[in-house]
Every structure is written in C-alpha cells, then in structure tokens.
Amino acid sequence: MNAFDFDLADLVPADETSEEAMEAFRAGDLTVLSQHHTAPNGSHSFVLAHDRSVTWGVPGEPQLVAIAVARDLSRSTFTFETSRHATASFAQNWLAERGCPLGRTALRGGDHAEPADDLTVQVEQQIQRSGTRYEVLDTCTSDHDPSEAWTLVRDSRAAQAPVRLFHEEWDHDAGTYTVREGAFADVGAAQTWLDERSGPLPEPPEYSDHDGAVVRARIARIALARSAGASATPRTGLDAPRTTPAGPVRRPVRGRLL
C-alpha cells in the first residue's frame with residue numbers, strides 16, 4: 001500500500017473542514033515516521049510524518065504533522081484532520097486523543113534517534129499521556145546552532161509556575177536527544193530565558209516537593225524497563241494493526257532528516 005493511500009477513493013468528505021484539509025494535503029512533502037491503521041474494515045488511520053518543505057520555509061515553524069482519518073463506511077464518508085507540532089511527543093498526544101494507541105506511533109529503534117536518558121523518557125511519556133492538560137502557546141524548531149525544538153504551554157494542573165517550557169535538544173553525532181521541562185511564572189519569564197539562556201532551565205516545583213518522589217520512582221521504573229529491553233512506550237489498545245509501521249527512511253532526528 002502506498003504510504004498515503006487512506007482508501008478514500010469511494011468516500012466523500014463528511015464536512016467542509018475535512019474537505020479543505022484533504023485539498024491542502026501535500027503527500028509529496030511528507031516522510032512517514034510511523035503509522036497505524038485499525039481493523040476490522042480499516043475505519044481509522046493515524047500517521048506521524050515529517051514535512052520536508054518546512055525546512056525551506058519560515059524559520060522556526062513546526063516540522064512534524066499528525067494526521068487522523070476516520071471513515072464511516074455505512075455513509076461512505078470520512079473525516080480528515082491534521083495538526084502540526086514541534087516535537088513527536090505532542091504529536092503523539094494529539095493522535096492518542098483521537099483514539100490511536102500510543103504504542104503504535106512510538107519512534108524507537110531503527111533509524112530513529114534514541115532518548116539520551118531516562119528523564120527524557122519520563123518527560124515524553126508525561127506529554128504523550130497528558131490529554132488536554134497543556135494549552136500550547138508557542139513553538140519553535142531550529143535545525144542548526146542550536147539544534148533544538150521547544151513547546152511553550154500553560155499547564156492546567158500546575159499549582160505554581162503554570163507556564164511550562166518543554167525543551168528538546170539533539171546530539172546528531174550520538175544519534176540521541178534530551179527533553180527537559182522548565183517552569184515559569186508567566187510567558188514573559190519563559191521568553192526571557194529563551195532569549196538569554198543565562199542559566200539552567202528552571203525545574204518545576206513538583207520536582208523538589210513530595211511529588212518529586214513520584215517522579216524519581218517513574219524514572220527508576222523506566223530505567224529498569226530499558227535495561228531489560230522493554231519498550232519505553234507500552235503497546236496497548238483494542239485495535240489490531242492493519243499494516244506494519246513505515247519502513248526505514250533517511251536517518252531522522254525526532255522527525256528531522258539529517
């Protein structure tokens with residue numbers, strides 16, 4: 001099956017939004033990083049892809065695209081949604097909110113960059129499983145000097161420092177990346193840190209209070225699972241995969257091709 005054959009030939013868009021999204025879809029610019037199609041009857045498709053065209057566009061724009069397709073075979077219609085993200089974990093969260101099991105969009109092994117440490121895995125899982133907890137305020141992606149991406153959010157569960165910055169940085173030579181969470185009182189403070197980088201990213205208050213023990217326990221469990229060779233993201237869900245994940249592409253670093 002072609003990477004972007006969503007089996008829509010005999011179906012029509014269910015609404016105007018889906019029709020517009022489908023018309024704006026440019027498969028030729030995208031490289032599939034992971035995909036999942038449900039069974040039976042292939043009612044849903046979920047794709048995480050890298051948009052190569054963004055690297056030649058406006059600097060800082062998000063380069064990852066999440067795609068969710070739902071087919072109503074009884075009515076011969078489909079809905080088509082896309083969403084752009086700076087990092088894979090937020091794209092995976094968006095897909096999970098639309099019914100995709102997290103394990104089906106995992107980027108582990110093969111040509112994909114690996115988490116540099118267990119705290120990175122912990123923070124990524126926190127984002128992936130956050131539901132609607134985070135309101136995204138801004139994002140930025142930089143391929144060169146520094147090689148990083150960040151997502152600025154408002155955390156609806158944070159009692160202190162509700163503005164959070166999720167900062168992802170890549171080590172291309174090592175084929176690894178780190179993700180860290182920073183906490184700020186407001187957007188202005190976060191922007192000052194991004195502009196000046198005058199000190200380390202300030203840790204969330206919960207890292208040092210009683211919840212810190214929970215964070216450390218989760219990291220310990222992740223370390224144990226990784227040392228035993230288990231997947232960092234569990235493969236769960238009621239739907240069986242109709243197709244296997246996309247084959248290897250040129251070496252991507254969290255969706256960006258070297």
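Student: Before we look at this predicted model, what does "buried" mean for a residue?
Tutor: Good place to start! We look at the relative accessible area of a residue, and over 50% counts as exposed. The word "buried" is kept for values under 20%.

Student: Which two residues form a salt bridge at 2.8 Å, N to O, with one in strand β8, and are they buried or exposed?
Tutor: The side chains of Asp155 and Arg133 meet in that salt bridge, at 2.8 Å from N to O. The pair links distant parts of the chain, with Asp155 in strand β8 and Arg133 in the loop between α3 and β7, 22 residues apart. As for the surroundings, Asp155 and Arg133 are both buried.

Student: Where do the two partners of the salt bridge between Arg164 and Glu206 lie, and which network do they belong to?
Tutor: The closest N and O atoms of Arg164 and Glu206 are 2.8 Å apart. Arg164 lies in strand β9 and Glu206 in the loop between α4 and α5, so the pair ties together parts that are 42 residues apart in sequence. Salt bridges that share partners then build one network, made of Arg133, Asp155, Arg164, Glu181 and Glu206.

Student: How accessible are the partners in the salt bridge of Arg84 with Asp51?
Tutor: Let's place them: Arg84 is in strand β5 and Asp51 in strand β3, so their salt bridge ties together parts 33 residues apart in sequence. Arg84 has a relative accessible area of 45%, so Arg84 is partly exposed. Asp51 counts as buried, because its relative accessibility is 3%.

Student: Which strands are at the edges of the open sheet of 5 strands?
Tutor: Read the order first: β6-β10-β9-β8-β7, with mixed pairing. An edge strand here pairs on one side only. That gives β6 (114-115) and β7 (134-142).

Student: How do β7 and β8 run, and how many bridges join them?
Tutor: These two strands form a hairpin with 5 residues between them, and Asp145 in the turn has a positive phi of about 40°. Across the pair, Asp138 stands opposite Leu152, while Thr141 has Ala149 as its bridge partner. β7 and β8 run antiparallel, and the number of bridges joining them is 8.

Student: Which residue offers a backbone oxygen 3.5 Å from a polar side-chain atom of Ser34?
Tutor: Ser34 sits in strand β2, and its relative accessible area is 2%, so Ser34 is buried. Residues that Ser34 touches include Phe46, Leu48 and Ala106. The backbone oxygen 3.5 Å from a polar atom of the Ser34 side chain belongs to Thr105.

Terms used
Residues are numbered from 1 along each chain as its sequence is written. This is a predicted model: local features need pLDDT of at least 70, side-chain atom pairs count only at pLDDT 80 or more; totals for chains, interfaces and linings use all residues. Side-chain values use heavy atoms; hydrogens and water are left out. Helices (H or I, at least four residues) and strands (E, at least two) are DSSP runs, numbered from the N terminus. Buried means under 20% relative accessible area, exposed over 50%, partly exposed in between (1.4 Å probe, protein chains only). A polar contact is a pair of N or O atoms within 3.5 Å; within protein, one must be able to donate a hydrogen and the other to accept it, and residues adjacent in sequence count only if both atoms are side-chain atoms. Contact means heavy atoms within 4.5 Å. Two strands pair if DSSP finds at least two bridges between them. A salt bridge is a side-chain nitrogen of Lys or Arg within 4 Å of a carboxyl oxygen of Asp or Glu. Lists of a residue's contacts leave out its neighbours within four places in sequence.
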